[in-house]
Amino acid sequence: YGVSRDLDEAVRFWKHAARDGTYHGSHQAMFMLGEFYSRAHRIDEQNPLLLTTPDYEDAFSWYSCACKHGNVNAAYKLALIYRIGQGCVKDDRKALDLLKTAASASHPLAITSLCEHYYHMHLYHKAVQWGTRALPYINKLSTNSRHNTIPTMSNQDDHATGIELSAVNGNPGEHDSVEEHTHYGPSADFMATIPIEKLKEAYARCCWYMSRCYQSGLGVSALNNQKANELFNTAITLDSNVVVDLEKRANIGMY
């Protein structure tokens, strides 16, 4: 904005702000460098097929620096990288630990990823715990979706989630309890970096998994068809295509 596009100059400024990943560097600049190196970019605006090659090792390095400096987005991105082994050795344990780190800092995509992860591990009480943690965000997003605005949360909203969790069955592991942290809702800073459609897709998936749990009495104190229907309808409101895909998979026995 206000200047001609120059990727080399952008990288130069990011690296200057990042201070080689040292303590005095900007974690946001480190994260932006991770984002830059993880993607292909147009070399010539007139030729959309002429692209740079992503450098996943450099992306991993900069995301790691940003994560060490407390960047929540970087922790989530590192979890995805470790999960598929892109630019690093595949490590499911590290991926899960980083998802928990990001989720504990209220990263919405990390929270919904944990809900889905534990559902597939048949640890339904943990799936419900993390899914319930996301419900206040989901309610605000579904309410505001027609206006295409991104919800932010107050501490009171997040505290209310802990009250709902008291009705959930199961004893979470030491590092899995969503009540052991002091929670703060997602700040506008990193919430604004997540595309609204990506949020809707993630929350729709979370609602669908939660609906299955309430419908079957998995990980909850009792069957609750009314709650299941509410969650299912919310999922449809957020992203009907996600629901159609999940229903197809469920019908052939994948879920």
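**Exercise 1. Find which helix of this predicted model has the lowest confidence and which has the highest, and decide how the weak region should be read.**

Solution. Within the chain, the lowest confidence falls in helix 8 (residues 155-165), with a mean of 34, while the highest belongs to helix 11 (residues 225-238), at 96. As a next step, set these two helices against the chain, whose mean pLDDT is 82 and in which 80% of the residues reach 70 or more. Then look at the stretch of residues 149-188, where pLDDT stays under 50 and for which the model nevertheless has 82 contacts beyond four places in sequence. Where pLDDT is low, the predicted coordinates should not be read in detail.

**Exercise 2. Describe the make-up of the chain: how many helices and strands are there, and in what order do the elements run?**

Solution. Begin with the count, which gives twelve helices and two strands. Reading from the N terminus, the order is α-α-β-β-α-α-α-α-α-α-α-α-α-α, with the two strands written directly after the opening pair of helices. Continue with burial: of the 255 residues in the chain, 44% are buried. The surface that the chain exposes comes to about 13,800 Å², and carbon and sulfur atoms supply 50% of it. Finally, take the contacts with a separation of 6 or more, of which 61% are made by residues 24 or more positions apart.

**Exercise 3. Two residues other than glycine, arginine 19 and serine 106, have a positive phi; work out where each one lies and whether it is buried or partly exposed.**

Solution. Most residues other than glycine have a negative phi, and most peptide bonds are trans. Arginine 19 has a phi near 55 degrees, and its place is the loop between helix 1 (7-18) and helix 2 (27-37). Because its relative accessibility is 40%, arginine 19 counts as partly exposed. Setting aside residues up to four places away in sequence, arginine 19 touches His24 and Gly25, and its C-alpha is 8.8 Å from that of methionine 30, eleven residues apart in sequence.

Turn now to serine 106, whose phi is about 70 degrees and which sits in the loop between helix 5 (92-104) and helix 6 (108-120). Serine 106 counts as buried because its relative accessibility is 0%.

**Exercise 4. Describe how helix 6 packs with helix 10: at what angle do the axes cross, and which residues meet?**

Solution. Two packed helices are described by the angle between their axes and the distance between the axes. For helix 6 and helix 10 (residues 196-216), the axes come within 9 Å and cross at roughly 35 degrees, and the crossing is left-handed. On the side of helix 6, the residues that take part are Pro108, Leu109, Thr112, Cys115, Glu116, Tyr119 and His120. Among their partners in helix 10 are Leu199, Ala202, Tyr203, Cys206 and Met210. Sorted by class, this contact holds eleven nonpolar, two polar and four charged residues.

**Exercise 5. Compare the settings of aspartate 239 and asparagine 233: which element or loop holds each, and is each buried or partly exposed?**

Solution. Aspartate 239 is found in the loop between helix 11 and helix 12 (240-251). With a relative accessible area of 17%, aspartate 239 falls under the 20% cut-off, and therefore it is buried. Leaving aside neighbours within four places in sequence, aspartate 239 is in contact with Lys200, Glu201 and Ala204. The C-alpha atoms of aspartate 239 and arginine 205 are 8.5 Å apart in space, although 34 residues separate the two in sequence.

Asparagine 233, by contrast, lies in helix 11, and it counts as partly exposed because its relative accessibility is 45%. From asparagine 233 to cysteine 207 the C-alpha distance is 8.7 Å, with the two residues 26 apart in sequence.

How values were computed: Residues are numbered from 1 along each chain as its sequence is written. This is a predicted model: local features need pLDDT of at least 70, side-chain atom pairs count only at pLDDT 80 or more; totals for chains, interfaces and linings use all residues. Side-chain values use heavy atoms; hydrogens and water are left out. pLDDT is the predictor's confidence in each residue, from 0 to 100. Helices (H or I, at least four residues) and strands (E, at least two) are DSSP runs, numbered from the N terminus. Contact means heavy atoms within 4.5 Å. Buried means under 20% relative accessible area, exposed over 50%, partly exposed in between (1.4 Å probe, protein chains only). Accessible areas come from the Shrake-Rupley method with a 1.4 Å probe; for residues, only the protein chains shown count as cover. Axes are lines fitted to C-alpha atoms, for helices over the stretch in contact, and angles run from 0 to 180 degrees between N-to-C directions. A crossing is left-handed if the near helix is turned anticlockwise from the far one by less than a right angle, and right-handed if clockwise. Ala, Val, Leu, Ile, Met, Phe, Trp, Tyr, Cys and Pro count as nonpolar, Asp, Glu, Lys and Arg as charged, and the others, Gly among them, as polar.
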